[in-house]
Amino acid sequence: EARAKFYRLWPDLRHAGLDLDGLRHVVEPYVNYTLIPEPSEQRDDLYFFDSVDRLLEQNFVRIGVNQRWQTRRSQQIYNLASVQTYADFHFVNEGDHHHGGDFGNRVEFAPNRQWKIVGMAVVDLDDPEANRGELGVEYVPRDRWRGYLSYLYRNDYTARTAGSMGSTLLDLSGDSTWLARTFEVSHTVVLGAEFPLGGKTDGRVEYSYDIDTGRLAEQVYEVTRQLHCWMGSLRFSESDGDMQVLLVLYLKAYPGVRIDTSL
């Protein structure tokens with residue numbers, strides 16, 4: 001991966017409505033090339049411990065740029081807005097389909113620490129058509145409290161993975177999964193909230209409403225407990241009449257590493 005960083009300062013810029021005390025624009029362009037040979041063992045023959053066990057053959061180039069607009073608040077740097085943009089160009093097929101790559105864009109605007117607006121879109125580079133789009137708002141009144149509302153659009157497409165062993169790559173097309181998933185056309189509204197249940201216990205509820213069918217597509221109830229070195233989570237969900245109970249254990253030092261069991 002090759003990466004650079006450029007920035008420009010407007011130290012005397014002031015704006016009362018946006019609470020601007022100076023402005024800095026940071027631009028970080030990068031190029032990532034990933035080559036992962038075909039694994040010697042098929043993923044279906046391996047126990048799923050982490051993302052390494054889900055690897056597929058990959059050979060692709062990602063060209064991207066990350067941008068941030070920052071100001072000063074309470075003598076600290078505050079990220080007012082950010083834009084993440086990338087384009088993937090794949091040179092090998094994945095499964096029975098050829099998907100040459102995606103153009104992804106994610107925009108985030110946080111006028112203050114309580115409110116945040118997020119929008120994203122993914123376009124298929126082979127057939128210029130929007131595969132996924134999302135627009136949402138988040139409200140954080142105080143620590144450990146969060147409410148969010150979003151609209152999600154999915155086209156009829158199969159998301160392909162784009163994983164690099166040497167870099168953490170943004171994934172906007174496949175719900176951050178290492179499994180190639182096929183989606184159908186859908187329009188969904190998601191409403192959720194996170195809140196404390198005690199000193200070390202938090203709760204979360206989330207409801208997904210399918211606009212096309214006019215029914216509740218999924219509901220999730222979760223309780224998370226902070227342990228000494230771990231975080232434990234018990235999750236109940238219902239989707240299309242199917243109930244699921246999931247127990248997840250996270251290492252605090254490595255939140256990406258988890259052990260889960262589902263019923």
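In which strand is the place of R215? Select R215 in this predicted model, and the residue appears in strand 14, which covers residues 215-226. R215 is partly exposed, its relative accessible area being 36%. If you leave out residues up to four places away in sequence, R215 touches S208, Y209, D210 and D240. Add D240 to the selection: the side chains of R215 and D240 make a polar contact at 2.8 Å, although the two residues are 25 apart in sequence and their C-alpha atoms are 9.7 Å apart in space.

Stay with Y209, one of the residues that R215 touches, and follow it into strand 13, where Y209 is partly exposed with a relative accessible area of 38%. Y209 also belongs to a nonpolar patch on the surface, which you can display by selecting Y151, Y207, Y209, I211, L216, Y221, L227, W230, L234, F236, L247 and L249, with about 990 Å² of accessible area together. Strand 13 (201-210), strand 14, strand 15 (230-239) and strand 16 (242-251) each supply at least two residues of this patch, and the largest share, three residues, comes from strand 15.

Next, move to strand 8 (residues 129-139) and strand 9 (residues 146-154), which run antiparallel and are joined by eight bridges. The two strands form a hairpin with six residues between them, and in the turn R144 has a positive phi of about 75°. To see the pairing, select Y139 and look opposite, where G147 stands in strand 9. Strand 9 also pairs with strand 12 (residues 186-196) in the antiparallel sense, over nine bridges, and here L152 stands opposite T188 in strand 12.

The same pair of strands carries a salt bridge between E194 and R146, whose closest N and O atoms are 2.9 Å apart; E194 lies in strand 12 and R146 in strand 9, so that distant parts of the chain, 48 residues apart, are linked. Both partners are partly exposed, E194 with a relative accessible area of 26% and R146 at 24%.

For another salt bridge, select R68 and E28, whose side chains meet at 3.5 Å, N to O. Because R68 lies in strand 4 (residues 58-73) and E28 in strand 3 (residues 20-36), this pair ties together parts that are 40 residues apart in sequence. R68 counts as partly exposed at 21% relative accessibility, whereas E28 counts as buried at 14%.

Finally, select R204, E206, E222 and R235, which are linked in a network of salt bridges.

Technical notes. Residues numbered from 1 in each chain as written. Predicted model: local features only at pLDDT ≥ 70, side-chain atom pairs only at ≥ 80, totals over all residues. Heavy atoms only, no water. Pairing = 2+ DSSP bridges. Helix = DSSP H or I, 4+ residues; strand = E, 2+ residues; numbered from the N terminus. Buried < 20%, exposed > 50% of the residue type's maximum accessible area, 1.4 Å probe, protein only. Contact = heavy atoms within 4.5 Å. Polar contact = N/O pair within 3.5 Å; in protein donor to acceptor, adjacent residues only side chain to side chain. Patch = residues over 30% accessible without salt bridge, like charges linked within 9 Å, V, L, I, M, F, W, Y side chains within 5 Å. Areas by Shrake-Rupley, 256 points an atom, 1.4 Å probe, with all protein chains shown as cover. Salt bridge = Lys/Arg side-chain N within 4 Å of Asp/Glu carboxyl O.
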